[in-house]
Amino acid sequence: MIFQPCSSSLCQFDKAATTPIIFFEIAVLVLAIFFIFYLSRYTKKILLKFFIIAIGIFIFEFITHPLWYNFKMGEWAYVYRDVSWLLTIGWATIILTTTVVIDHLLPKVRAYKRFFLYLLATLIIGLIGETVVMQLGIRSYSPETHQLIGNLYIPLLGIPWGSLYYIPVFMALVIGFYKYWSLVIDNKILLPIKKIKWGRYLAVSVVGVLLFEVMIDAMISNAGLPAWSYIFRDINIILTISWIIIIWLAILFVDKVFIHFDLFKKFISYILLATAIALPIEAIFVAKNIRIYSPSTTENFSGYLVPFSSVPVEVIFVFPFYLALIIGFIKYWTYTFENKEL
C-alpha cells in the first residue's frame, strides 16, 4: 500500500505540473546530485546516509500527510497519496548538506552543540524552501491545520508562523533518526551505559514525545480525560506519560535482555516490542472515544480495521514509523550524552 502510485479515489487532486514547478523539480534533482557528489569527499558511504535521511523524511511525511497537501507536481512525483518523493529528496539534500558541512567545519565541537547548529541551519534553509513551494502553489494546508494556524503568516515569506515550530521539530526528529543510524553505518564504538541518568533520559523522552504530539495536534484529538491533565490545547499529560512509559519499557527490556544485540537489532526490537504494547492500548482509547481522529485524517483511511478492534489498519504502519523517529531521537541523545567522543 505504501508505495502505490497516487491514483486511488482519495488521491483525486490537481497533479498537473506547471512549467515553473517542472523547473523546480529539475533543480531539486540537480542540486541533490551535485551535493551528494561534492560532499562525498568529506564523509564515507554518502549514498547510504542520504538514503537513511530520505527514509526518515518519508516516515515523517507518511505520518503527518493529513496536515498538508502537495499539489501540481505531476503524476510521476507521488509515491503515496500526495506524498512526493521529490520533496523528500529536497529535504534530504538540506539535511545531508547541513550536517556534513557543520561536522566538517566543527569536528571538535560536542555532538549535542552541533545538533542545535543543524537545526538553525535547516530552519533557515527550510523556511526558504517552504516559501518557494507555497509561491509555486504546491503546498497548502488541511482545514484543521488552518484552524490552528489561523491567518498568521510571516511577512515577505508568506508562510505560516507555525513553520518556525514545525520545521525544527520535523528536523530534530529526522536528524536524530539519521544520526542514530550514522552510528551504525560508521561502526562507531560506543561505551556501554553503566548507570542510566534517569533525569536526563526523562527530559529527552518528554521533549521527543511532547513536541511531536503538539505537531500532530490537528490530526488527533484527546477527549474525555480529567480537565487538570490537559496542558496545551488537547495535549494530555496522562497520554504523554503513557507513551513515554511504553517506550522506556521497550528500550529497557531490550537493553537488558538482548544486551549483545548490535544497534540495528536493538532498534528493530525496540520498535516491535513498543508497537506490541501500544496498539492494544490505542484500540482501547479509540473504542472509548478518548482518541478521536480528525476528518482530514479519517478521510485518508481505507476503511479497513485491525481485526477485533476499532483501529484503522493504517495505524499498524503509523505506530512503528512514529516509534522509529522518537526512539531514534531518544537513543541518539542518550549515546551522545554518555559518549564524550561523539
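## Close-up views of a predicted model

The structure holds 8 salt bridges, a salt bridge being a side-chain nitrogen of Lys or Arg within 4 Å of a carboxyl oxygen of Asp or Glu. This is a predicted model, in which local features need pLDDT of at least 70, side-chain atom pairs count only at pLDDT 80 or more, and totals for chains, interfaces and linings use all residues. Residues are numbered from 1 along each chain as its sequence is written, and side-chain values use heavy atoms, with hydrogens and water left out.

**View A. D103, R114 and K179 are joined into one network by salt bridges that share partners.** Let us start with R114 and D103, whose side chains meet in a salt bridge with an N to O distance of 2.6 Å. This pair links distant parts of the chain, with R114 in helix α4 (residues 111-135) and D103 in helix α3 (residues 85-105), 11 residues apart. Helices here are DSSP runs of H or I with at least four residues, strands are runs of E with at least two, and both are numbered from the N terminus. D103 also meets K179 in a salt bridge, here at 2.7 Å from N to O. Because D103 lies in helix α3 and K179 in helix α6, that pair ties together parts that are 76 residues apart in sequence. Are R114 and K179 buried or exposed? R114 is buried, with a relative accessible area of 10%, and K179 is buried as well, at 9%. In these legends, buried means under 20% relative accessible area, exposed means over 50%, and partly exposed falls in between (1.4 Å probe, protein chains only).

**View B. Helix α9 (residues 263-287) has the end-to-end span expected for its 25 residues.** At 1.5 Å a residue, this helix should span 36 Å, and its end C-alpha atoms are indeed 36 Å apart; the expected span is 1.5 Å times one less than the number of residues. Where is α9 kinked? The kink is centred on T275 and amounts to about 25°, the bend at a residue being the angle between axes fitted to the seven residues ending there and the seven starting there. At the start of α9, have a look at D262: one of its side-chain oxygens reaches to within 3.2 Å of the backbone nitrogen of F264. After the helix comes N289, which has a positive phi, near 60°.

**View C. E282 and R291 form a salt bridge.** The closest N and O atoms of E282 and R291 are 3.2 Å apart. E282 counts as buried, at 1% relative accessibility. R291 is buried too, with a relative accessible area of 11%.

**View D. Helix α11 (residues 314-338) is largely enclosed by the rest of the structure.** Why is α11 described as largely enclosed? The reason is that 19 of its 25 residues are buried. Its end C-alpha atoms are 36 Å apart, which agrees with the 36 Å expected for 25 residues at 1.5 Å each.

**View E. I22, F23, I26, V30 and W76 make a nonpolar surface patch of about 510 Å².** Patches are made of residues with over 30% relative accessible area and no salt bridge; like charges are joined within 9 Å, and nonpolar side chains (Val, Leu, Ile, Met, Phe, Trp, Tyr) within 5 Å. Accessible areas come from the Shrake-Rupley method with a 1.4 Å probe, and for residues only the protein chains shown count as cover. F23 is found in helix α1 (residues 19-39) and counts as exposed at 56% relative accessibility. F24 is also found in helix α1, but counts as buried at 19%.

**View F. R81 and L156 each have a positive phi although neither is a glycine.** For R81, phi is about 50°. R81 sits in the loop between β2 (78-80) and β3 (83-84), and counts as buried at 9% relative accessibility. For L156, phi is about 75°. L156 lies in the loop between α5 (143-149) and α6, and counts as exposed at 89% relative accessibility.

**View G. K188 lies in the loop between α6 (163-185) and α7 (198-215).** K188 is partly exposed, with a relative accessible area of 45%. The C-alpha atoms of K188 and H146 are separated by 44 Å, and these residues are 42 residues apart along the chain.

Conventions:
A polar contact is a pair of N or O atoms within 3.5 Å; within protein, one must be able to donate a hydrogen and the other to accept it, and residues adjacent in sequence count only if both atoms are side-chain atoms.
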